[in-house]
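Me: I have a structure to go through with you. Here it is.

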Amino acid sequence: MTASMNDVLALADDKLMLGHVQSDWTGLGPILEEDIAASAMAQDDLSHALVLYEFLATSDAQDGADELAFGRAVADYRCCDLMTLPDDFDWAVATSRRFLFAHFAAILLQDLRTADNAELAERAIRLQGEQAIQTTHLNAWMVRLGTGGDDAYARMQSALNTLAPHAGMLFEDIEDRDDRFARWQTAIAGALAEAGLTCDVDFPVASVKGGRRGAHAAHFIEQHAEMTQVRAAEPGAAW
Amino acid sequence: MSKRRDIMYDFPGDLPGGKPDDAHWAVYTRKKEDGPARWAGYLDAVDVTLALQYAREHYGQDEVCTGILIHRHEALADSEYGVDPIAGGDASGDDGEAWTVFAQRRRGMIHIEAGTVRAPDAATAVARARSKFANGKVSNIRVVREADCYQTTPDELAIWRNHDMSYKLARGYSKDVRAKWAQFRSRSDDDRYASEDIKDHY
């Protein structure tokens, strides 16, 4: 398939932002082992963003990976604002968001494996394995928490209800979005059904402009400002 | 620190108690599919599914790993730890259940899977394992019932992080940044020297 550079950038931006947001949980996870696992996944996301930015920087003769990650104007980021939606340190929201996004990322990486560009395909294959760890892990936790008693179930369903209106925007302005949306719904349906949870996500309407087209929410702008603070203090610093 | 961490949250009610249902699991990894399981570390998890999941994530990514073996900590029985190699003994027999044997070559080194013995109970398993594997060359023998050992399956291999991981390692400061730091520290030293010199002078 012919890979859309816009899709690659969207995925990289998603992973960059979610990696930063999820890193906030380091040291605050509900149990030690999960704290470590969630932090490792946040590191994975940041690493995956780097791999994709490096590809974009070399293939499109763009600025370096760091410049792509930290040097762009807010409107030039193509991430979905689901990534920076405040979770208020609610573990149910954080887990559910990662679950919804991990399956989306897995589908994009699956498609990028067959990209015409061999370099991109090789990178996608490399990342897909780690993405599978995330989906496996998060599927298991969705089921554990969904079936973990009335309180856990209520928290998880409430989290999904909070996220569902924003989750459809993952599919704003990406290639083959009808097909990918259908595959994503199938991908998340198994774990949700086993957990007894529901997540009714609407396909985004074209008239609603969101993060994929550069119209970002205030929480993205705040996160971006914090994330680029060091870069702004020392423009052009090499690390 | 993230600004988001500045937010103080109030959680109603008492904090939950400990984790009485958590079990302590021992983890071993294999570098090669047909290679021995080598001691990797411990983790806590409520059941075997979660324990294998965490084992893959915590111990399957630090180095090439083709398989993982875990058992609950209390499932093991072992010989004494010798400063010198322990004696082998002459226990023999092949009745009873199968036990996986791990041997530690020298005190302080890791336990590595050595093979199996059959025995009706843990004490007999240790004795037979000593006889079969000690040979005056190991400092400790550990046995675990095979039925208490849980392993990943070959179809899970696709998810190991067993590729080049260098891209996710933290990178050091470049020469430019190091030079800036050196310049900054030097300037700071000069300022302090001047300040103290003036104070002493007057």
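Me: Which residue stands opposite B:Ala103 in β7(B)?
Reply: This is a predicted model. β7(B) covers residues 140-145 of chain B. The residue in β7(B) that stands opposite B:Ala103 is B:Ile141.

Me: How many bridges join β5(B) to β7(B)?
Reply: Strands β5(B) and β7(B) run antiparallel. The number of bridges that join them is 6.

Me: Which residue in β6(B) is the bridge partner of B:Thr100?
Reply: β5(B) also pairs with β6(B), residues 111-119 of chain B. That pairing is antiparallel and has 8 bridges. The partner of B:Thr100 in β6(B) is B:Thr116.

Me: Which residue in the hairpin of β5(B) and β6(B) takes a positive phi?
Reply: The hairpin has 6 residues between its strands. The phi in question is near 95°. It belongs to B:Gly108.

Me: How many residues of β5(B) are buried?
Reply: β5(B) spans residues 97-104 of chain B, which makes 8 residues. The strand is mostly covered. The buried count is 6.

Me: Which helix gives the most to the largest nonpolar core?
Reply: The largest nonpolar core has 80 residues. A:Leu82, A:Met142, B:Val27, B:Ala51 and B:Ile70 have the most contacts inside it. The top helix covers residues 91-112 of chain A and gives 12 residues to this core. That helix is α4 of chain A.

Me: How many residues are in the second, separate core?
Reply: Its members include B:Val101, B:Ala114, B:Ala134 and B:Val138. The residue count of this second core is 17.

Terms used
Residues numbered from 1 in each chain as written. Chains lettered and ligands numbered in written order. Predicted model: local features only at pLDDT ≥ 70, side-chain atom pairs only at ≥ 80, totals over all residues. Core = buried A, V, L, I, M, F, W, Y, C linked by C-beta atoms within 7 Å. Buried ≥ 20, exposed ≤ 12 C-beta atoms within 10 Å, placed from the backbone. Helix = DSSP H or I, 4+ residues; strand = E, 2+ residues; numbered from the N terminus. Pairing = 2+ DSSP bridges.
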